[in-house]
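Student: Before I plan anything at the bench, could you take me through the rings, a sheet and a pocket of this protein?

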Amino acid sequence: MIHKRRWTGGAVVGLAFWLAGCGGGGGHGSPATFTATFREVPIPVVSNDPTADPAGSWPDDVRTDGSGNIWFAQHHSNEVGKMTAAGVYTGYKIPTDRSLMDGIVVDKTRLVVWASETNANKLARVDMTTGVVTELTLPTPNAVPGDLVTAPDGTIWFTEGYEGGTAKGKIAHLDPDTNAITELTPTNTPSGCDGILVAPSGAVWFVENNDNSIASYFKGAFTTYPLPRNGVDPTNVAIDSRGRIWVTEQLGNALAVLDPATGRWQEFTIPNLSGQPSGIAIDAHDNVWFTEFGPGKIGVLPAGSSTIVDFLIPTPNSGPEDIVTTPDGAVYFTEQYGNKIGQISVPSLTSR
């Protein structure tokens, strides 16, 4: 079942910030100006779950498909959502009610979108051409599938945060041609696997939330990298052009970056004391973008800088969750509590 509605809302807000000695036009130590413009668009779907507080569809992970469409999982509406550049919303209804979707990924080769159903122990498959939705049940009961990513060879990798209700955690890969799923158990358990990425080398990097680490899986072997501080609640990961792995520390109120070649970590503290960084993405210029769930801000660590700049989202208490960048410099994010899709533009960072 598909719901389609016209996108008519949206807000544009300009905010200016100054940061000494960092980025465009600030030569000789003079302040550089970072001006952010926001666009916010309400999602025309409400919750079908009475436990949702605040009410709304609760958009979670977000991705783009290279054709100007924004795809997102909706935790409390049981729909995979698509928003076009022209402003048309299409909702693809998931057969299993209250499946509580979390992660999403776009297979641009096969024109398929996959979403994880945390409460149903399934993956949902949306055919982008026909709109047909099917489901695939995971081998491990109560695995709680989370984040998904497409590997260079076309396989879909994803995390499983639990096993039978216990935070053991696994990573798994799906052959999208046969629907065969292979599950792998990390060296450290219980790991509580979360965010995941695949490097150009084919190495799979993922968060071990319960172990306060990130880990890699490469050529049949797991390697664990404990974070510099205990109890920071690592959440999501991203990779930059130098092959360094970035991670959000939700309780540590910081970003951390690992150089796999040396095993060394570096941390960058977020200005807000309760930033609660969650989603993270890196653009073509190596600017590191992330969501600050607590204060409702979008943060960015400009490439080559050690100072984080952040921008207040116009909607109060919006609960920004995930974020994605596109090759042309666009930055989109979900507002879980605001029930909106947002876009931020900082031309001095993305138009170089």
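What follows is a set of questions and answers on those three topics.

Tutor: This is a predicted model, in which local features need pLDDT of at least 70 and side-chain atom pairs count only at pLDDT 80 or more, while totals for chains, interfaces and linings use all residues. Residues are numbered from 1 along each chain as its sequence is written, and side-chain values use heavy atoms, with hydrogens and water left out.

Student: What kind of aromatic pair do Trp205 and Tyr225 form?

Tutor: Rings of Phe, Tyr and Trp (its six-membered ring) pair if their centres lie within 6.5 Å, and planes under 30 degrees apart count as stacked, over 60 as edge-to-face and the rest as tilted. Trp205 belongs to strand β17 and Tyr225 to strand β19, 20 residues apart, where strands are DSSP runs of E with at least two residues, numbered from the N terminus. With 5.3 Å centre to centre and 35° between the planes, the pair of Trp205 and Tyr225 is tilted.

Student: Is Tyr337, which pairs with Phe293, buried, partly exposed or exposed?

Tutor: Phe293 and Tyr337 meet edge-to-face, at 5.2 Å centre to centre and 75° between the planes. Phe293 lies in the loop between β25 and β26 and Tyr337 in the loop between β29 and β30, so the pair ties together parts that are 44 residues apart in sequence. Buried means under 20% relative accessible area, exposed over 50% and partly exposed in between (1.4 Å probe, protein chains only). Phe293, at 15%, counts as buried, whereas Tyr337, with a relative accessible area of 32%, is partly exposed.

Student: Which strands stand at the edges of the open sheet β24-β25-β26-β27?

Tutor: The four strands follow that order with antiparallel pairing, two strands being paired if DSSP finds at least two bridges between them. One such pairing, of β26 with β27, runs over four bridges. Two strands have a single partner each, so one side of each is left without a neighbour in the sheet, and these are β24 (277-282) and β27 (309-312).

Student: What is the volume of the second largest pocket?

Tutor: A pocket is an open set of points on a 1 Å grid over the protein atoms alone, where a 1.4 Å probe fits, with protein on both sides within 12 Å along at least five of seven lines, and lining residues have an atom within 4 Å of a point. The second largest pocket is lined by 14 residues, and among those nearest its centre are Tyr162 and Cys193. Volume here is the space filled by probe spheres set on the points, which are joined across faces, edges and corners, and for this pocket the volume is about 280 Å³.
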